[in-house]
There are 2 protein chains.
Amino acid sequence: MRSEIDPSGQPGNGESTSTEPERSLIEKVRRAQIIEAAIDVIAVRGFAKASMAQIAERAGVSKGVISYHFAGKNELIERTVEQIYDRLGTFVASRLAAEGETGTAAWLRIYIGSLAEHMADHRTQLIALGEIFTQFRTENGELRYGIASSESLFAHLEEVFRAGQQRGELRAFDVRVMAVSLQAAIDDMFAYWSVHPDHDLAAHARELTDLFWHATRAEGRADS
Amino acid sequence: MRSEIDPSGQPGNGESTSTEPERSLIEKVRRAQIIEAAIDVIAVRGFAKASMAQIAERAGVSKGVISYHFAGKNELIERTVEQIYDRLGTFVASRLAAEGETGTAAWLRIYIGSLAEHMADHRTQLIALGEIFTQFRTENGELRYGIASSESLFAHLEEVFRAGQQRGELRAFDVRVMAVSLQAAIDDMFAYWSVHPDHDLAAHARELTDLFWHATRAEGRADS
DNA sequence: TAAATTTTTGGCCATGCGGTCAGAAATTGA
DNA sequence: TCAATTTCTGACCGCATGGCCAAAAATTTA
């Protein structure tokens, strides 16, 4: 998986700037139903085998219905990511907001922990998201949700680290490398859990918090 | 990218146990030529668009030639990975062997550093490998070179960490989580460099060494 | 109720894929 | 030199895909 979320709580710089198109009830229900089917099929059969026909069958409608309610497969996938993504982001942001400003150690614990907690309760979504992030490509062949699109996430993590450094709480290190590595470790925590369902995700999250606290804290500091 | 290499220098548990089939000169030349074309096409156009037709065109032969010299696309891809992989493994193993036993700090530096050094000189191969590792699937839909196939690599890293812990050099931590996280951070170092060619790979490798040394070392120890 | 509109169906299309094959071309060996 | 063998070509196959559309069905509006 790649590019979790921007936990800053911003409304998201997505395409939803101008007025949302009005949707009839049927429209909304069908779109939700198709997205749910897409998540299931992608999680179970893998992104590559999640054809329009498969998704339509799962949703119990004919293939044309998807084309009627979505501009195409790309839009369906992007709306699917958007939905999962938004819920996760809301959850993490609320957890972080509930804590106030209590330093980097607490921030790491809550950030990593809340991501893990939410995903533990939404395994199917996590697996679908992992499939999409690693396989969904734009027409020119680039990963649609690849490292290149994680820039705003990296920037946010960098800011957290830089603030900790300025407070004297963290040692000197390259914040970009730390941000990329933290994200990588989180991504692979989920990827590992995807493959090993019995793996203890919460414990992994706690270990990861320790790992990055030791990696970032200033010399001579005790654990928090 | 996933599943770098087993740096233990073992001959590799691959399929090459029994006697290698004899190959004519033409056979060897053609296979090398086709593998090279495959690397180029995969690196430039992406794995998804690297069809037999594309690879054949790049190699300057007709499509049938590939089928003549390889059992199918799967064999071509696997031989391609094998080639890149073997060279990288040889390089890293020799660097590690040249150092002898000098503790975990040195091991981390040489392991991460030699991977980065070799890949810096073989960017096209690295990108092709990244494409293959993240997209090449078995017939049942699993990633051919995914986390599930990294078990032996994780086991090896765990052993390095466990040895350091027993020597009192490293603090207590979950070696599996540390192994998965180190591999993730290395993978993403390469992935980041794939997307940002001007990124300083050697400096990133040094930062990563620092990161994991701080994350793993026993309390009260100075940097080495 | 009747017309207008929205929604759904299921078949059809062009495209690109990996793989196969008969026969041509090139190479080898006697 | 000339047959045997290896290597190569380019057309062709079956298959699955995403998307399209005319017509049927369902729903809303007048």
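Which residue forms a salt bridge with A:Arg176? The partner is A:Glu151, and the closest N and O atoms of the two are 2.7 Å apart. A salt bridge here is a side-chain nitrogen of Lys or Arg within 4 Å of a carboxyl oxygen of Asp or Glu. A:Arg176 lies in helix α8 of chain A and A:Glu151 in helix α7 (residues 151-166), so the salt bridge ties together parts that are 25 residues apart in sequence. Helices are DSSP runs of H or I with at least four residues, numbered from the N terminus.

This is a predicted model, in which local features need pLDDT of at least 70, side-chain atom pairs count only at pLDDT 80 or more, and totals for chains, interfaces and linings use all residues. Residues are numbered from 1 along each chain as its sequence is written, chains are lettered from A in the order in which they are written, and side-chain values use heavy atoms, with hydrogens and water left out.

**Salt bridges within the chains**

Over all chains, the whole structure has 24 salt bridges. Three that lie within one chain are listed here.

| Pair | Closest N and O atoms |
|---|---|
| A:Arg176 and A:Glu151 | 2.7 Å |
| A:Glu117 and A:Arg95 | 2.9 Å |
| B:Arg176 and B:Glu158 | 2.5 Å |

In the pair of A:Glu117 and A:Arg95, the residues are 22 apart, with A:Glu117 in helix α5 (residues 103-120) and A:Arg95 in helix α4 (residues 73-99) of chain A. In chain B, B:Arg176 lies in helix α8 (residues 175-195) and B:Glu158 in helix α7 (residues 151-166), so their salt bridge ties together parts that are 18 residues apart in sequence. A network of salt bridges also links A:Arg31, A:Glu75, A:Arg79 and A:Glu82.

How open these residues are is given by relative accessible area (1.4 Å probe, protein chains only): buried means under 20%, exposed over 50%, and partly exposed in between. A:Arg176 counts as buried because its relative accessibility is 15%, whereas A:Glu151 is partly exposed at 35%. A:Glu117 is partly exposed at 34%, and A:Arg95 is partly exposed at 33%. In chain B, both B:Arg176 and B:Glu158 are buried.

**How the two chains are related**

Two copies of a chain are related by a rotation about an axis and a shift along it. For this model, a turn of 180° and a shift of 0.0 Å along the axis lay chain A on chain B with an RMSD of 0.1 Å. The two copies are therefore related as by a two-fold rotation axis. The superposition is by least squares on the C-alpha atoms of residues with pLDDT of at least 70 in both copies. In chain A, the residue that comes closest to the rotation axis is A:Ala215, with its C-alpha at 2.2 Å.

**Where the chains meet**

Contact means heavy atoms within 4.5 Å. Chain A gives 37 residues to the contact and chain B gives 35 residues. Between them the chains bury about 3,100 Å², of which 59% is on carbon and sulfur atoms; buried area is the accessible area (1.4 Å probe) lost when two parts are put together, summed over both.

Four salt bridges run between chain A and chain B. One of them joins the side chains of B:Glu131 and A:Arg137 at 3.5 Å, N to O. On the side of chain A that touches chain B, α6 (123-135), α8 (175-195) and α9 (201-216) each supply at least two residues. The largest share, 12 residues, comes from α8(A).
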